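Here are my notes after a look through the two-chain model you sent over. I've kept them as numbered points so you can reply to each in turn.

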Amino acid sequence: MDIRFRLNGEDRAVDAGTSQSLLSLLRDGLGLPGSKNACEQGECGSCTVVMDGRAVCSCLVLAADTDGADITTVEGFGEEDALHPVQEALLEGGGVQCGFCTPGFVVAAAHLFESNPTPETDEIREALSGNICRCTGYGGILRSLEKLAGR
Amino acid sequence: MTTTTGTRVRGGIGESVKRPDGVPKVTGNFAYASDLTAEGMLWGATLRSPYARARLVRLDIAPALAIPGVQAVLTQEDVPGRKTFGQITQDQPVFVDGEARFWGEPVAVVAADDPETARLAVAAIDIEWEELEPLVDMEEALEQGELFRHAPVHRGDPAATGAVVVEGYYEVGMQDQAPLGTEAGLAIPDGEGGVDLWVTSQWTHEDHSQIYRSLDLAADQVRQHPTGIGGAFGAREDMSLHIHVCLLALRTGHPVKMVYNRLESFPGHVHRHPARMWYRHEADADGTLVKVEAKIILDGGAYMDTTPAVVANAVYFTAGPYRVDSVHAEGYGVRTNNPPTGAMRGFGVVQVCFAHEAQMDRLATALDMDPLELRKHNALRTGDPLATTGQIIETSLPTVEVIDQLAAIPLPPPLNSDDPRRLPGGTGRTTTPEYVTRGVGYAVSIKNIAFSEAFDDFAEARVVLSPTGVEVYTAAVEVGQGMVTVLQQIVRTALGVEQVVVVPADTSEIGSAGSTSASRQTQMTGGAALEAALEVRKLALERGAGDDLTSEGVWLAGELIMTLDELCADGPISYHTRFRHPPTEEPDENGQGVLHADYAVAAHRAVVDVDAELGLVRVVQVDTAQDIGLALNPLSVRGQIEGGILQGVGLAIMEELVVEKGVILNASFTDYLLPTFLDAPDVEMVLIEEPSPWGPFGAKGIGEPPTISSTPAVVAAIRNATGLALNRVPVRPQDITGT
């Protein structure tokens with residue numbers, strides 16, 4: 001089926017399967033593998049994208065429901081030579097190890113900082129509690145984002 | 001170590017250098033195995049056994065083959081070479097060979113034009129089973145003689161007795177590594193009968209040696225390439241879809257990709273061995289340990305995998321980091337129809353540490369001694385024999401120091417908040433501060449580093465200096481731990497040149513670096529890279545007739561006499577080496593001998609808040625002092641320690657595969673509980689830097705110790721808060737409430 005949406009700032013017209021998830025459309029249909037598939041149940045946040053101003057698990061969004069939506073994936077948050085401040089912070093602060101969860105954390109944290117540029121420590125923890133990291137124990141991620149928040 | 005190294009280099013050892021793969025990872029551009037694609041690529045999918053044990057009565061692939069878009073359906077009959085695989089013994093059939101022996105065991109694979117068709121085809125395969133009674137109880141398996149390994153330890157007087165005796169029985173549940181990236185691979189036929197494979201792996205050369213034999217190809221017809229790995233923690237030390245995806249690619253003549261979903265991933269890799277352990281400690285009235293006796297059973301699942309080595313670790317670290325003159329222990333790894341078990345961070349030591357540290361606390365109570373004083377009184381030091389094997393410990397072993405430094409870390413303030421995010425149960429608002437009791441607990445551990453028991457453990461590396469800088473070739477797999485960063489730093493410091501790139505090499509380009517496991521890569525591949533870099537430096541100084549080398553070139557008496565361009569005018573300077581750690585021996589019939597290459601100790605203190613009425617626990621803080629040799633990259637060290645601690649916390653209170661009749665009941669991230677940001681404790685740490693005799697610049701492996709004693713420390717803290725005995729992990733709410 002035909003879908004029109006705004007993806008990373010560009011208007012796109014794409015063909016999606018009627019039962020296809022947004023995550024599958026991004027990864028397999030549009031060649032944007034930055035959003036990761038780790039659980040396909042909305043438990044781990046590895047596939048987080050911003051859709052119409054909300055951070056959502058793209059594995060739980062039906063591609064068919066994105067017609068007319070404004071979507072930003074990790075690929076829309078910064079370039080290798082022009083990183084988003086969240087990306088810079090995670091690199092500096094030891095917030096990245098295997099990196100599989102990282103795109104989801106980048107999107108979720110960038111979304112948090114957009115609405116709240118100076119989150120408290122507990123607000124960071126809570127806002128990112130839907131993103132699972134198996135490597136860092138969250139310490140490096142927390143310190144990175146606390147520093148970005150000016151703490 | 002007497003080495004002359006460059007002194008002016010930036011980004012060398014000791015700095016918190018940023019990861020070279022960091023930028024692609026934060027932008028989403030880093031290519032993991034599951035992200036790879038190729039022109040004309042087909043998708044693979046797997047048919048699995050729905051039973052833990054069943055006889056295959058009928059298997060008809062024709063209905064699947066009839067589906068348009070299906071290109072191949074393969075079963076055990078289609079394996080052209082060795083029909084079985086396995087790291088130590090090749091006892092696992094590539095596909096079910098008439099009898100399924102664990103839930104989820106692969107029966108057939110399909111290649112189709114797209115993933116949906118592949119899964120439809122899997123469902124269309126006509127199959128009939130006769131369900132058989134699975135063997136799922138590890139003690140019953142032992143009685144029936146279903147043994148992968150019996151490892152005994154007998155050292156000292158078996159009749160020795162102490163004034164105080166404590167006995168205990170302990171259990172450890174089945175923990176999953178739950179790496180966020182599931183098993184994934186892409187196989188591309190080379191058009192000449194061979195195949196190139198990119199796959200989630202911790203040890204490409206070991207996989208490769210099994211794969212080409214099952215494919216009935218020559219070794220050089222199969223090339224296994226390193227690729228992006230979304231975490232490992234042991235789950236990828238044994239193979240998953242490797243042979244399957246190659247078979248499909250060779251059969252169809254197309255590139256084939258396979259990616260396990262999470263439901264498949266759970267039975268698709270080995271897990272931490274569940275354990276049952278019976279312990280008896282005897283001590284003199286002053287607390288001196290006199291004798292430790294233990295019987296340890298580990299559930300090895302249906303196939304061997306690395307179970308014999310895990311059993312060895314369990315039994316050789318039965319007594320922990322303590323001096324004991326008499327140790328008598330029996331370790332068993334048994335065969336059952338439970339999910340596969342093998343390597344997971346801590347590798348057998350996690351299980352026994354939970355038991356021996358509970359025993360030490362019981363002993364302290366029986367003696368009315370401070371638990372840390374008791375541990376220090378018996379602490380193992382350099383020059384002592386390991387209590388189990390009798391091996392004299394030659395490496396640094398700061399057991400007393402880790403305990404003292406840990407104890408000196410200030411405790412967190414008492415609970416002073418009614419913010420539900422700070423309370424057990426969290427934002428479910430299930431409790432209030434007046435129902436919460438705080439507890440504090442300690443544990444100490446010792447772990448071997450690198451491979452043991454006479455294994456020929458080596459790592460190859462090649463360092464190449466050219467005008468553009470230095471390349472370090474290695475087959476060592478970066479799984480997220482930061483080895484690529486540390487190798488860069490080691491080579492920079494050793495050589496004096498800043499521009500260093502680590503080049504992941506495939507199995508045809510360089511020899512094995514060994515497994516990324518056993519906390520070994522920093523010491524092994526790091527050791528190889530150091531050795532090769534020092535040799536390149538020596539060759540460069542000879543060629544340039546100088547006395548120092550930097551990023552600019554060769555210097556003599558403080559003057560630059562030759563640029564790198566001039567130095568390499570006749571070609572790059574290259575050195576290839578194979579690094580080995582000091583040799584180890586096979587154990588004798590009593591488990592005695594020089595079995596281990598190096599050791600590291602760690603101590604943990606956990607602070608917990610518990611609502612005993614509801615069985616809720618919040619781990620407030622876990623502090624540690626760890627013996628790391630030298631912090632090559634302090635930021636990476638911290639990340640390894642914090643990450644390892646959280647996996648230990650997970651085993652202590654959350655993480656368990658619930659298995660009934662061999663079937664995993666919670667094979668999803670919804671039901672297998674992983675620690676989230678809100679479950680993560682604060683961590684304070686002290687790094688003890690006493691050099692290893694053979695690690696690069698004295699560094700020791702650091703990956704596993706954080707996961708080992710953190711678990712018993714958390715449980716000790718819950719015991720302290722509740723007064724309960726708590727003899728199993730994970731501690732479940734019902735273990736606290738008694739309901």
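1. In which sense do strand β3 (residues 48-51) of chain A and β4(A) pair, and over how many bridges? They run antiparallel, and four bridges hold the pairing. One of the matched pairs is Thr48(A) with Cys57(A), the latter sitting in β4(A). Keep in mind throughout that this is a predicted model.

2. On confidence, chain B looks fine to me: its average pLDDT is 97, and 99% of its residues score at least 70. For the complex, the predictor reports an ipTM of 0.99 along with a pTM of 0.98. The usual caution still stands: where pLDDT is low, predicted coordinates should not be read in detail.

3. Back to the chain A sheet. The β3-β4 pair belongs to an open sheet of five strands, ordered β2-β1-β5-β3-β4, with mixed pairing. β2 (10-15) and β4 (54-57) of chain A are the edge strands; each has a single partner, so one side of each has no neighbour in the sheet. Ignoring direction, neighbouring strands here are turned by 40 degrees against each other on average. Helix α3 (residues 102-115) of chain A lies across β3 and β4 of chain A, and its direction makes about 35 degrees with β3(A).

4. Still in chain A, have a look at the helix pair α2 (residues 85-92) and α5 (residues 139-148). Their axes are 8 Å apart and the packing angle is about 130 degrees, which means that α2(A) counts as oblique to α5(A). The crossing is right-handed. From α2(A), the contact uses Pro85(A), Val86(A), Ala89(A), Leu90(A) and Glu92(A); facing them in α5(A) are Ile141(A), Ser144(A), Leu145(A), Lys147(A) and Leu148(A). By class, that contact has seven nonpolar residues, one polar and two charged.

5. Chain B has a helix pair worth setting beside that one: α5 (residues 204-215) and α6 (residues 242-252) of chain B. Here the angle is about 45 degrees and the axes are 10 Å apart, so α5(B) is again classed as oblique to its partner, α6(B). α5(B) also passes α6(B) in a right-handed crossing. α5(B) brings Asp207(B), Ile211(B), Ser214(B) and Leu215(B), while α6(B) brings His242(B), Ile243(B), Cys246(B), Leu247(B) and Leu250(B). The split is six nonpolar, two polar and one charged.

6. There are two hairpins in chain B that share a strand. β22 (residues 548-549) and β23 (residues 553-556) of chain B run antiparallel, joined by two bridges, and three residues lie between them in the hairpin. Leu549(B) has Val554(B) as its bridge partner. β23(B) is also antiparallel to β24 (residues 559-563) of chain B, this time through four bridges. Val554(B) turns up again here, now partnered with Met562(B) in β24(B). In this second hairpin two residues separate the strands, and Ala557(B) adopts a positive phi near 50 degrees.

7. Last, the interface. Chain B puts 45 residues into the contact and chain A puts in 42. On the chain B side, α1 (22-27) and α15 (634-653) each supply at least two residues, with α15(B) giving the most, at seven. Sorted by class, that side of chain B has 18 nonpolar, 18 polar and nine charged residues.

Methods
Residues are numbered from 1 along each chain as its sequence is written. Chains are lettered from A and ligands numbered from 1 in the order in which they are written. This is a predicted model: local features need pLDDT of at least 70, side-chain atom pairs count only at pLDDT 80 or more; totals for chains, interfaces and linings use all residues. Axes are lines fitted to C-alpha atoms, for helices over the stretch in contact, and angles run from 0 to 180 degrees between N-to-C directions. Angles under 35 degrees count as roughly parallel, over 145 as roughly antiparallel, 65 to 115 as roughly perpendicular and the rest as oblique. A crossing is left-handed if the near helix is turned anticlockwise from the far one by less than a right angle, and right-handed if clockwise. Two residues are in contact if their C-beta atoms, placed from the backbone, lie within 7 Å. Ala, Val, Leu, Ile, Met, Phe, Trp, Tyr, Cys and Pro count as nonpolar, Asp, Glu, Lys and Arg as charged, and the others, Gly among them, as polar. pLDDT is the predictor's confidence in each residue, from 0 to 100. Two strands pair if DSSP finds at least two bridges between them.
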